[in-house]
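Welcome! Open your viewer, get comfortable, and follow along one selection at a time.

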Amino acid sequence: MEIIKIELGKLLKSVSESRDFCIDRLISSLINREGILDIKKSNLVTDKPQLTISFDPEIISEYQVKRMVQETANSLNQTFGHFQIRLNEFKDYGKLKAASAVLKNMKGVMNVLIVPTGSLFIEFNKYITQESILNEVIKNLNVLS
C-alpha cells in the first residue's frame, strides 16, 4: 500500500474548504476504482482542502491515481460553479431563513451557506443556472452590503 496527499485548491476551482460538496463528489467517484484502497479528506475548516489516498501500487500507479483525480476534478469544474459574496450582517433570523430558502429552491442550486457575519456561499450546476441569474436574485433579496 502507498499513500499520496493531494491538495485540492488547484484542482477544484473555487473550493476553499473541506466541507465543500464537490470534494465529496470527487471522493465518491474515486473510492470504488480498482486499486484505490481508501480516501480521507482533511476535516479541519482551517486546513487547505486535501485528500489522502491509499492505493495498491501493484494495481495502479501513483501517476494513474493523480491523472484520475485530475480528470475527475476537471469534470466537476465543468459542471459545478461556486461563488462567495459579502452581505449585510444579518440580525433578523427570519430574513436570513427566507433568503436561504429562496436560493436553495432555485433550479440548479446545489448548496447555500449564509454566514450571519456577512458571507454567502453558493454552489450551483452550470448546466442548469448561471452565476448572473443568481446574482440578480440575490440583488432582489436586498441582502448585499
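What percentage of the 145 residues of the chain count as buried? The share is 41%, where buried means under 20% relative accessible area, exposed over 50% and partly exposed in between, with a 1.4 Å probe and protein chains only. Before we move on, please note that this is a predicted model, in which local features need pLDDT of at least 70 and side-chain atom pairs count only at pLDDT 80 or more, while totals for chains, interfaces and linings use all residues. Residues are numbered from 1 along each chain as its sequence is written, and side-chain values use heavy atoms, with hydrogens and water left out.

**The whole chain.** Switch to a cartoon view and you will find four helices and six strands; these are DSSP runs numbered from the N terminus, with helices being H or I of at least four residues and strands E of at least two. From start to end, the pattern reads β-α-β-β-α-β-α-β-β-α.

**Helix 2.** Now select residues 62-79. This helix has 18 residues and reaches 26 Å from its first C-alpha to its last, close to the 26 Å expected at 1.5 Å a residue (1.5 Å times one less than the number of residues). Show its side chains: the buried ones include Val65, Met68, Val69 and Leu76. The buried residues of helix 2 pack against several elements, among them strand 1 (2-7), helix 1 (21-30) and strand 3 (50-55).

**The sheet.** Next, select strands 4, 6 and 5, which form an open sheet in that order with antiparallel pairing; two strands pair if DSSP finds at least two bridges between them. Strand 4 and strand 5 (109-115) are the edges, each pairing on one side only. Strand 4 and strand 6 share seven bridges; to see one of the partnerships, pick His82 and find Glu123 in strand 6.

**The cores.** Which residues have the most contacts inside the largest nonpolar core? They are Leu8, Leu12, Leu26, Leu51, Ile53, Val65 and Val69, in a core of 23 residues. Such a core is a set of buried Ala, Val, Leu, Ile, Met, Phe, Trp, Tyr and Cys residues joined through side-chain atoms within 4.5 Å. Strand 1, helix 1, strand 2, strand 3 and helix 2 each supply at least two of its residues. Center on Leu51: leaving aside neighbours within four places in sequence, its contacts (heavy atoms within 4.5 Å) include Ile4, Ile6, Leu8, Leu26 and Ile39.

For a last stop, select Val112, Leu120, Phe124 and Ile138, which belong to a second, separate core of 14 residues.
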